[in-house]
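Hello,

Here is the structure I promised to pass on to you. Have a look at it first, and then read my notes below.

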Amino acid sequence: MKLLLVCIAIALFGAIVAEKARYDNYRVYRIRVQTDRQLELLQAIEQYPDGYTFWNEPTKVGTEVLLVVPPHKRGHFSDIRAQYALRAVLQTANLQEQIDQESRPSLRKETFGWTAYYRTDAIYAWLDSLVASYPSVVTPLNIGNSFEGRPIKGVKVSYKAGNKAVFMEGLIHAREWVSGATVTWVLNELLTSSDPKVRQIAENYDWYFFPVTNPDGYEYTHTTDRQWRKTRSQSSVLCRGADPNRNWAYNFMQGGASSVPCSDTFAGASPFSEIETRQLSDFIATLDNLSTYLAFHSFSQLLLVPYGHTTARLDNYDETVQYTELIGQTFDKIAIGTKAINKLRERYGTTYNIGNIAEAIYVASGGSIDWVKGVLRTPLVYAYELRDLGRFGFVLPPEQIIPTAEETLDSIIVILEEGANYGYH
């Protein structure tokens, strides 16, 4: 009898653990923050969400935020919308329908590709196949295991000795699926494309690709909660995970990060408290030929440079972001990042903005690109916030993977070409 009860308990516990979060009738609203009073309200909701979820943080007046409203909060939201005169536009009437469309089984083919989003094991199997197909060019990398024991795998692509290196970081935030898909698509192009410009950058740089830097969180978005962002470490009795892009040991907890374990922006108990960021940083620090670091996130269509703790335009900001000289009323030289986003726009008309993290979006300290720039002094360091502007947000349809990756590669080519012109490689 006792054995039977134990078995039943285990079965029930397993069912609870395996249950997948659903977002039926959850609505997404775009809200324009027009007054300090409205900002204070939204920041209070962020601190004590009770079911609400922000897709981007309320940080200042004059910006827009995307707020996910659960069914049980519709009455409350209606009340505060009237009380605070919130300018809120319904963007998505049923978030679950959007998630279901994104993950349609019919999209996934037997062979790995970019018409669907693939899970960690499939991505890793594809990386292994590249090692087998290109043994003289592709080298397997495994920098250690995640909190839950998953390997953090990548590959090195090198056609010859003596190259400067480019690092490609994907899926540090688990729910930003298009970031990992973009990294793998670019990797595939470097190996298969016959385009002269692609061949130039493929063969004259060493490339380090890590498409899934937060494998526990990414798997959790597939099995349990599509909206999960953090790692899966045990951060408190009630809450799991830390934000792996607030956990790096450069200006840690200097703004835009939380000390509350249940917060989506919880920075962790200490710098590099998360085994994933600790192992990733240890590996990056061994790359003495690193000239370029590119991190990929979504969404917002931004090209960002360090730093996240201050709006001050530090280091080589003028060369990497803005116009460098003004002679009379004409610009003498256009900086690398501006040229890159101009090139990105050419293919599909996708418009990006550019700036340092704190000025372009909000203060957010402890990120990977800040550490790479501030500690390692890597010359060219950028973070992409990929498509879109919020229509689909984190749940970007798979049909947009390839167009997103194509325009992104166009801009990467420019970053490397212009970086060479400045003598950074």
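Let me begin with a cysteine link: the one between C239 and C262 is right-handed, with 70° about the S-S bond. Please keep in mind that this is a predicted model. The two sulfur atoms of C239 and C262 are 1.6 Å apart, and the pair counts as a disulfide because the cut-off is 2.5 Å. The count for the model comes to one disulfide.

Where do C239 and C262 sit? Both C239 and C262 are in the loop between α8 (215-223) and α9 (275-284), so the disulfide ties together parts that lie 23 residues apart in sequence. As for their surroundings, C239 has 10% relative accessibility and counts as buried, while C262, at 45%, counts as partly exposed.

The other residue I looked at is T213, which you will find in the loop between β8 (205-210) and α8. Is T213 buried or exposed? With a relative accessibility of 4%, T213 counts as buried, because buried means under 20%.

The side chain of T213 makes polar contacts with backbone atoms. One goes to the backbone oxygen of G170, at 2.9 Å. Another involves the backbone nitrogen of I172, which is 3.3 Å from a polar atom of the T213 side chain. If you set aside neighbours within four places in sequence, the residues in contact with T213 are I152, E169, G170, L171, I172, E276 and L280. G170 and I172 therefore turn up again in that list, next to the polar contacts described above.

Enjoy exploring it!

Best wishes

Conventions. Residues numbered from 1 in each chain as written. Predicted model: local features only at pLDDT ≥ 70, side-chain atom pairs only at ≥ 80, totals over all residues. Heavy atoms only, no water. Helix = DSSP H or I, 4+ residues; strand = E, 2+ residues; numbered from the N terminus. Buried < 20%, exposed > 50% of the residue type's maximum accessible area, 1.4 Å probe, protein only. Polar contact = N/O pair within 3.5 Å; in protein donor to acceptor, adjacent residues only side chain to side chain. Contact = heavy atoms within 4.5 Å.
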